[in-house]
Amino acid sequence: MSAIGEWRPTQLPPGPPMQSGPGRRSSPRSWRWVDRLALVFAWAAGIGLCLIAGAIVIYMGYRGIQYLRPSLLVQRPALSTTQSGSGGFLDPLIGTALLTVIGIALATPLGVCAALWIAEYGRPTWLARVVESSIEIVAGTPDIVIALFGLSIFQLGVFAPLSFKAAGGGVFGKSFIAAGAMMSLIALPPMFAATRDGLQAVPEHMREAAYALGKTRIATIRRVLLPSVRSNIATGVTLGISRIIGDTAIIVLLLGETLRLDPQGSTPVVGLLRGTGATLTSYIYGNSPAGEGAAPQKAYAAAFVLLVFVLGLNLIVDRIGRSSADATGLTVAGAVV
Amino acid sequence: MLERLRHPWSDTRAERTLGAVSLLVCAVVVAMVVFVAIHAWPVFHYNGLSWLGSGGNVGRQIAAMQTTTQHPPPSAYHLRAWPLVYGTILTTSIAVVLALAISILSSIFIVELAPARLRRIAIPVIRLLASVPSVIYGLIGILVLVPFVGNHLITTAEKESVQNVVLLTGAGLSVTVVILTVMITPIMVALICEALVSVPNSWREGAVALGVNPLRAMLAVTLRAARPAIVAAAVLATARALGEAIMISMVSGGNSFAPKPIDGLVFLFEPLRTLASGIVDFREGIGAPALGSTLYAWALLLLFAAFVLSIGGYLIKLPLRKYQVRG
C-alpha cells in the first residue's frame with residue numbers, strides 16, 4: 001500500500017503529437033540493422049526455396065518434353081546396348097500401379113481400424129498409447145530398414161510360396177506380395193493420422209445424438225462417423241499413394257529390379273503377384289548412371305512421368321483436403337504432404 | 001458364418017476386433033526389431049563393440065566378406081564400420097543445421113512477411129518440394145550437380161592432391177549435403193509454420209503495441225513460444241536424413257571413405273558412404289551370410305537411432321501440449 005502512496009507522476013517531456021487515423025506501419029528503414037539483415041535473409045530464404053522448387057519442375061519438364069515419346073508409355077522394356085533399342089516403360093508403369101493397389105488395399109483397413117479404435121474406444125489407455133507410438137515408430141523408420149525387415153520375413157520357409165524362387169529352390173523373398181506388404185507399412189502412418197484427426201474433429205453432439213436414438217457405438221461408427229470422415233480417409237489414401245509411388249528402397253530390395261514383369265509359375269494373376277518386376281522409381285534408378293542401365297534419356301522421361309503423378313496427387317490432396325487441411329495448408333492431419 | 005457377420009455387431013465384439021487389428025501394428029514393430037536384431041546378431045557377437053570403431057579399409061573388408069562360404073568362420077565378420085557411421089553423422093548434422101536456419105527464416109517469411117499473393121504461391125510450391133520422390137532428387141544430383149561440381153568447382157590441382165587416396169569426381173559430401181538440405185527443409189518449414197500460426201496472435205500483438213517492430217516481435221515472441229515445435233521439426237528432419245538411402249547412394253560417390261576436415265577445401269568434395277546408402281550399395285551381396293549380417297547390423301543401428309529420435313521427439317512435444325500448441 002505504501003508503495004502506491006509514494007508514487008508520484010513524473011512530468012513527461014512533450015512528445016510529438018499523436019497521429020490519428022489508421023495505424024502507421026513501421027517501415028523497415030527505421031529498424032535496427034540486425035532486424036533489417038534478418039528481414040533480408042528471411043526474404044532470401046523464402047524466395048530461394050520457391051526458386052529451387054520452380055527450377056526442379058521446369059528442368060524436369062524440359063527434359064521430359066525433350067525425351068518423352070508417347071510410344072515409351074506403351075512399349076515394354078528390352079535389353080539393349082543403345083537407348084533407341086531399349087524400349088519403353090510399360091512394365092514399370094504396371095508395376096507401380098500393382099504395388100499401389102496392394103499397398104493401399106492392405107494399409108487402408110489397418111489404418112482406419114486403428115484410428116477408429118484409438119479415437120472411439122481406446123481402452124485401456126496405456127494400450128492405446130502403445131499402438132499410437134508404434135505407428136509413430138513405423139513412420140520414423142527408414143524405408144531401407146523396412147525393406148530389409150521384409151526381406152527377412154519373406155525369406156522364411158513359411159512364406160516361400162509367396163515369393164520368387166530360384167531354379168535350385170533357394171528363396172529370395174522377392175515378389176510383388178512382399179514389396180506390397182512392406183509398402184503398406186509406409187502408407188499406414190499418413191492414413192492413420194488423417195483418419196484419426198478427422199474422427200477427433202467430429203463434434204461430440206453427433207455421437208450423442210446417435211446414442212440418444214438408441215444406436216450402439218459400432219452402429220454410430222458405421223452410420224455416422226465413417227460417412228463424415230470420408231474425405232479424411234480419401235486424403236489419407238492419397239497421401240499413402242504418393243508415398244508408395246515415390247519409394248525406391250523397398251523396390252530395389254524386395255521387387256528384384258527385373259527389367260520386365262517376371263511372373264512365377266503359370267497361374268495368371270497369382271503368378272504375377274508372386275513374381276518380380278520393376279516400378280517407375282526402380283526404372284529411373286536402374287537407368288541413371290548409378291544403376292546398370294545408364295540410359296539417362298529414359299531415366300529423365302520416366303522421372304517426368306513420376307513427377308506428373310506426384311503433382312497430380314498433390315492437386316487431389318488440395319481438392320479433397322482443403323476442408324481438413326491445417327491452418328497454413330502446409331500439413332494435412334499433422335502429416336507433411 | 002456369413003450369417004453371423006451380417007448380423008449387427010455387438011459393441012464388445014467390434015471393440016475387440018478393432019483392437020486386435022490395431023495390435024497388429026505393435027506386432028509388426030516388435031517383429032521388425034526382433035528380425036533385424038537376429039540377423040545382425042553374429043556381427044556384434046564376433047566383433048563386439050569395436051565393430052563401431054575405425055581401422056582398416058571398409059571396402060576391402062566387405063570384398064572379403066563377399067567371397068566367404070555359406071558357413072563363414074567368425075573372422076569373416078571382421079569390419080570396422082566407423083567411416084559409414086561418421087559419414088551418416090556428418091551428412092545428417094550439416095544438412096539439419098543448414099535446413100534449420102533456412103526453414104526458420106522461410107517460415108517467418110511465409111507466416112509474417114510474404115504478401116498474400118506470394119504466400120498463395122509459396123505454400124503449394126513448398127508442399128511440392130516435400131513430395132518429390134528421392135530418386136528424382138538423386139537423378140538431378142547425379143546428372144546435373146555431380147558433373148557441374150566435378151568439372152567446374154574442383155580444380156585439377158585439388159584432384160591431383162588426393163589422387164593416391166580417393167578419386168574426386170564431384171560426387172561427394174557437398175552435393176549430398178546440398179540435396180539432403182533441400183529434401184528436409186520443406187518438412188521443417190511445414191511444421192514450423194504450423195506452430196508459428198498456432199501461437200496466439202495476441203502475444204505478438206502485445207509486443208507490437210509496446211513499440212517493437214513486427215519482425216522482432218515475431219522473432220522474440222512467436223518464435224520463442226514455438227521453440228519446442230522447432231526442435232520437434234528438427235528431430236523429424238533428422239530421422240528423414242538418417243534414413244535417406246537411394247539419393248545418397250546415387251550422389252555420394254559410393255566410397256567407404258571418411259572425409260577428413262584436415263584436407264581443407266577438398267574435404268567438401270570427398271566421397272563418402274552412409275549406413276543407409278551402404279545397404280543399397282551392397283544389396284546384391286546380401287546372399288553372403290557375413291555381408292548380409294553386416295547389412296542387418298547397419299539397419300539395426302538406423303533402427304536404434306530412429307527409436308531414440310522418436311522418444312526424443314515425444315519428450316520434446318510434452319511442454320508443447322501445455323500451451324495447446326500443436327507440433
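Ile144(A) sits in helix 6 (residues 143-154) of chain A, and it makes a handy starting point for a walk through this predicted model. Is Ile144(A) buried or exposed? A residue counts as buried once 20 or more other C-beta atoms lie within 10 Å of its own. Ile144(A) has 30 C-beta neighbours inside 10 Å, so Ile144(A) is buried.

Which residues does Ile144(A) touch, leaving out those up to four places away in sequence? In its own chain there is Ala249(A), while from chain B come Gly243(B), Ala245(B), Ala276(B), Ile279(B), Val280(B) and Ala299(B). The pairing with Ala249(A) spans 105 residues of sequence, yet the two C-alpha atoms are 5.3 Å apart in space.

Now cross over to chain B and pick up Leu302(B). Setting aside neighbours within four places in sequence, Leu302(B) contacts Pro142(A) and Val145(A) in chain A, along with Leu242(B), Gly243(B), Leu275(B) and Ala276(B) in chain B. Gly243(B) and Ala276(B) also appear among the residues that Ile144(A) touches.

Leu302(B) belongs to the largest nonpolar core, which has 206 residues. With Leu302(B), the residues with the most contacts inside this core are Leu148(A), Ala303(A), Val36(B), Met188(B), Ile192(B) and Ala299(B). Helix 8 (residues 173-198) of chain B supplies the largest share of the core, 18 residues. As general background, nonpolar side chains tend to be buried together in soluble globular proteins.

With contacts such as these in mind, step back to the whole interface. Here 82 residues of chain B are in contact with 75 residues of chain A. On the side of chain B that touches chain A, helix 2 (residues 11-47) of chain B gives the most, with 17 residues. Sorted by class, that side of chain B has 62 nonpolar, 13 polar and 7 charged residues. For the complex, the predictor gives an ipTM of 0.90 and a pTM of 0.88.

What is the secondary structure of chain B? There are 14 helices and 0 strands. The C-alpha trace of chain B spans about 75 × 70 × 35 Å along its principal axes, and buried residues make up 53% of the 327 residues in the chain. Of the contacts in chain B between residues at least 6 apart in sequence, 80% join residues at least 24 apart.

How confident is the predictor about chain B? The chain averages a pLDDT of 86, and 95% of the residues score at least 70. Among its elements, helix 4 (residues 82-113) of chain B has the highest mean pLDDT, 93, and helix 1 (residues 2-6) of chain B the lowest, 62.

Back in chain A, two helices are worth a look. Helix 2 (residues 33-67) of chain A has 35 residues, which at 1.5 Å a residue should span 51 Å; its end C-alpha atoms are 50 Å apart, so the two values agree. Its buried residues include Leu39(A), Ala42(A), Ala45(A), Gly46(A), Leu49(A) and Ala53(A), and also Arg63(A). An α-helix has 3.6 residues a turn, so residues three or four places apart point the same way. Helix 10 (residues 230-246) of chain A reaches 24 Å from its first C-alpha to its last, close to the 24 Å expected. Helix 10 of chain A is mostly covered, with 13 of its 17 residues buried.

One last stop is Pro124(A), in the loop between helix 4 (90-121) and helix 5 (125-140) of chain A. The peptide bond from Arg123(A) to Pro124(A) is cis, with omega near -10 degrees. Most peptide bonds are trans.

Definitions and conventions. Residues numbered from 1 in each chain as written. Chains lettered and ligands numbered in written order. Contact = placed C-beta atoms within 7 Å. Helix = DSSP H or I, 4+ residues; strand = E, 2+ residues; numbered from the N terminus. Nonpolar A, V, L, I, M, F, W, Y, C, P; charged D, E, K, R; others polar. Expected span 1.5 Å × (residues − 1). Buried ≥ 20, exposed ≤ 12 C-beta atoms within 10 Å, placed from the backbone. Core = buried A, V, L, I, M, F, W, Y, C linked by C-beta atoms within 7 Å. pLDDT = per-residue confidence, 0-100.
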